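Open the model in your viewer and keep the selection panel at hand. Each stop names a selection and then says what is there.

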Amino acid sequence: MLKPSPLFPMLVILLMAAACTPTDLTRPDTVARAFMQHLAAHNYEEASHHVVAEDREAFLESTVALEKAPGIPDNPQIALEVDGEAGVFRVPNWHPSARFELVLRDGRWWIRR
């Protein structure tokens, strides 16, 4: 009979911790990827947590149009351009004209509508 390795519980804990790692909000690429993953899952409320406060309501109202848009790929390609405290990202493998603005505020990156 096979005996499980004594390291197996440690491996399980490490894998669970990695899966639960929060998004690094100080990096525009991770914010963009998390935002797109929430959109792909139709979890617009979670996605809105990455949108600046003054644009959040308009974003949530625009989700009706997102429901009609082509499906977001499982692995969206993020084409990111950052210049200082502002940036933009596109998702060329989803919709060629989709463009999202980013802004650095209070030490973290946000999506602008």
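Leaving aside its neighbours within four places in sequence, with which residues is Asp 55 in contact? Select Asp 55, and then Arg 112 and Arg 113: these are its contacts beyond that window. Contact means heavy atoms within 4.5 Å.

A word on the ground rules. This is a predicted model, where local features need pLDDT of at least 70, side-chain atom pairs count only at pLDDT 80 or more, and totals for chains, interfaces and linings use all residues. Residues are numbered from 1 along each chain as its sequence is written, and side-chain values use heavy atoms, with hydrogens and water left out.

**Stop 1: Asp 55.** Stay on this residue. Asp 55 sits in helix 4 (residues 53–68). Helices (H or I, at least four residues) and strands (E, at least two) are DSSP runs, numbered from the N terminus. Asp 55 counts as buried because its relative accessibility is 11%. Buried means under 20% relative accessible area, exposed over 50%, and partly exposed in between (1.4 Å probe, protein chains only).

**Stop 2: strand 4.** Now select 108–112, which is strand 4, an edge strand. Of its 5 residues, 4 are buried, so by that cut-off strand 4 is mostly covered. Arg 112, one of the contacts of Asp 55, is the bridge partner of Glu 101.

**Stop 3: the hairpin.** Add strand 3 (residues 99–105). Strands 3 and 4 run antiparallel, joined by 5 bridges. Two strands pair if DSSP finds at least two bridges between them. The two strands form a hairpin with 2 residues between them. Pick Asp 106 in the turn: its phi is positive, about 55°.

**Stop 4: the whole sheet.** Extend the selection to strand 2 (residues 86–90), which is antiparallel to strand 3 and joined to it by 5 bridges. Gly 87 has Leu 102 of strand 3 as its bridge partner. Then add strand 1 (79–83), the other edge strand. The result is an open sheet of 4 strands, in the order 1-2-3-4, with antiparallel pairing. Neighbouring strands are turned by 25° against each other on average, direction ignored.

**Stop 5: helix 2.** Select residues 28–40. Helix 2 lies across strands 1, 2, 3 and 4, and runs at about 130° to strand 3. Axes are lines fitted to C-alpha atoms, for helices over the stretch in contact, and angles run from 0 to 180 degrees between N-to-C directions.

**Stop 6: Ala 41.** Is Ala 41 buried or exposed? Ala 41 counts as exposed, because its relative accessibility is 55%. Its place is in the loop between helix 2 and helix 3 (44–48). Finish with a distance to Gly 71: 30 residues away in sequence, 9.8 Å in space, C-alpha to C-alpha.
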